[in-house]
Amino acid sequence: MPNVTNIANPAATGLGPVMGIESSCDETAVAVLDAGGRVMAENVLSQLDDHAKFGGVVPEIAARAHLAALPDLVRLTLSQAGIGVQDLRAVAASTGPGLIGGVIVGACFGKGFAIAAGKEFVAVNHLEAHALTARLPGLMAGPVEFPYLALLISGGHCQCVAVEAVGRYRKLGGTIDDSVGEAFDKVGKLLGLGWPGGPAIEKIAREGNAAAFALPRPLRGRAGCDFSWSGLKTAVAQLVAKYPAGALPRPLVADIAASFQQAVVEVMEDRVDHALAMYPRAKLLVVGGGVAANLAIRDGLERVVAQHGARFVAPPVRLCTDNAVMVAWAALERLAIGVYDGLEAAPRPRWPLEELRF
Ligand code: KG4
Ligand code: ZN
């Protein structure tokens, strides 16, 4: 005899909404998606102001800020979604990779919430969440089928991955030193543009001459699709050191920023050109991570992808940067195939995508 109350409760049918929590770096985010992946509510709190005065993310400050923000953010997001805790099917959190303090906060908060509410917990790999964002319903016209390529370019990551299926990822190449976001941030500091450097460099580069300075294009033309950014950053440091100490004149800053960005664009184009040749089955490239907000990089990638007869997906910036929509969506993908880590999952500062293979 079915329990009528339970049937009326969407969570009891297994088709209830999923709440995602993101806290692996300096964004605290919560989102609720319905069973079909439609966004019911989402919020992102950036901690930029907390960290800017230190010139970068301070892990301990980030972890404490996540802990302080999460309870109210969860309450707000559930009420915006118009549901109560009892309506949820599952709670998901990024349990790695990321800054360990923040990852512990998100994982423990999510697990505690799930246990108290009697819901399932889904441990989400943050990189998998970025890689699966392209499949979020409504993002692209038509379904996004496997396989495809994902280029993850952020402050913490720089890698190109073949996405063969949920849980099946093959890294085609990655950085051998800094992430590309780090390069933008370090060059931003050298140019006196503050932190984070990426948006400031992109902005001032529009005033500059991209051919003003001949900067290196690390690994361009080299086999494979690894990346290396520290030499480019050092070249900018050496260039800046040639000028008298103190603030550089704005036109000079603009020329250096434009020349640096142009070098990044050309390297990105070359590396992705190689990745598409290494994995011709991919008919689509999706970008993720904060650096994917950069329009010059997007334009460059779009050109290369078109030459391979493939499609290019650049999600809106709020879905490229860290957010909880992608966490809830990755959890839905995992729940759909019934393969996921639950309460037993430990927070992990490192968690390569290849380790997800089952
Ligand atoms: O994905 P994200 O918000 O955070 C993590 O790294 O997890 O990425 C932040 C990085 C920073 O290094 C920032 O400088 C860079 O993305 N970034 C940009 C732009 N916007 C953000 N880099 C280049 N151009 C931009 N418009
Ligand atoms: Zn991220």
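**Figure 1. The loop around Pro97 in the predicted model, with the cis peptide bond that joins Gly96 and Pro97****.** In this predicted model, Pro97 is found in the loop between strand E4, which spans residues 90–96, and helix H4, which covers residues 100–117. The peptide bond between Gly96 and Pro97 is cis, with an omega of about -10 degrees.

**Figure 2. The cis peptide bond between Phe146 and Pro147****.** Here omega is about -5 degrees for the bond that joins Phe146 to Pro147. The loop that holds Pro147 runs between helix H5 and strand E6, the latter comprising residues 148–153.

**Figure 3. The zinc ion (ligand 2) and its protein donors****.** Three residues supply the protein donors of the zinc ion (ligand 2), namely His126 through NE2, His130 through NE2 and Asp322 through OD, and these atoms lie 2.1 to 2.2 Å from the ion. Along the chain, the donors of this zinc ion follow the spacing H-x3-H-x191-D. Distant parts of the chain are thereby linked, with His126 in helix H5 (residues 126–132) and Asp322 in the loop between helix H11 (317–320) and helix H12 (325–337), the two residues being 196 residues apart. Both His126 and Asp322 are buried.

**Figure 4. Leu219, a residue with a positive phi that is not a glycine****.** The phi angle of Leu219 is about 65 degrees, and the residue lies in the loop between helix H7 (197–205) and helix H8 (230–241). With a relative accessible area of 15%, Leu219 falls under the 20% cut-off and therefore counts as buried.

**Figure 5. Pro315 and its contacts in the loop between strand E10 and helix H11****.** Strand E10 (311–313) precedes the loop in which Pro315 lies, and helix H11 follows that loop. The relative accessible area of Pro315 is 2%, so this proline is buried. When its neighbours within four places in sequence are left aside, Pro315 is in contact with Thr133, Leu139, Val286, Val287, Arg298 and Cys320. One of these partners, Val287, is 28 residues from Pro315 in sequence, while the C-alpha atoms of the two residues are 7.3 Å apart in space.

**Figure 6. Glu269 in helix H9 and the residues it touches****.** Glu269 has its place in helix H9, which is formed by residues 250–278. At a relative accessibility of 17%, Glu269 counts as buried because the value is under 20%. Not counting residues up to four places away in sequence, Glu269 touches Gly300, Arg303 and Val304.

**Figure 7. The whole protein, as context for the close-up views.** The secondary structure of the protein comes to twelve helices and ten strands, and 54% of its 358 residues count as buried. A compact globule with 358 residues would have a radius of gyration near 21 Å, and the protein, at 21 Å, therefore agrees with that expectation. Taken along the principal axes, the box filled by the C-alpha atoms is roughly 80 × 45 × 30 Å. Among contacts between residues at least 6 apart in sequence, 73% join residues at least 24 apart. The protein exposes about 14800 Å², of which carbon and sulfur atoms supply 57%. Its side chains include 32 positive and 34 negative ones, and the centres of these two sets lie 3 Å apart.

Notes. Residues numbered from 1 in each chain as written. Chains lettered and ligands numbered in written order. Predicted model: local features only at pLDDT ≥ 70, side-chain atom pairs only at ≥ 80, totals over all residues. Heavy atoms only, no water. Donors = N, O, S within 2.8 Å, 3.2 Å for Na, K, Ca; no water. Helix = DSSP H or I, 4+ residues; strand = E, 2+ residues; numbered from the N terminus. Buried < 20%, exposed > 50% of the residue type's maximum accessible area, 1.4 Å probe, protein only. Rg over C-alpha atoms; globule rule 2.2 N^0.38 Å. Contact = heavy atoms within 4.5 Å. Areas by Shrake-Rupley, 256 points an atom, 1.4 Å probe, with all protein chains shown as cover. Lys, Arg positive; Asp, Glu negative; His and termini not counted. Charge placed at Lys NZ, Arg CZ, Asp CG, Glu CD.
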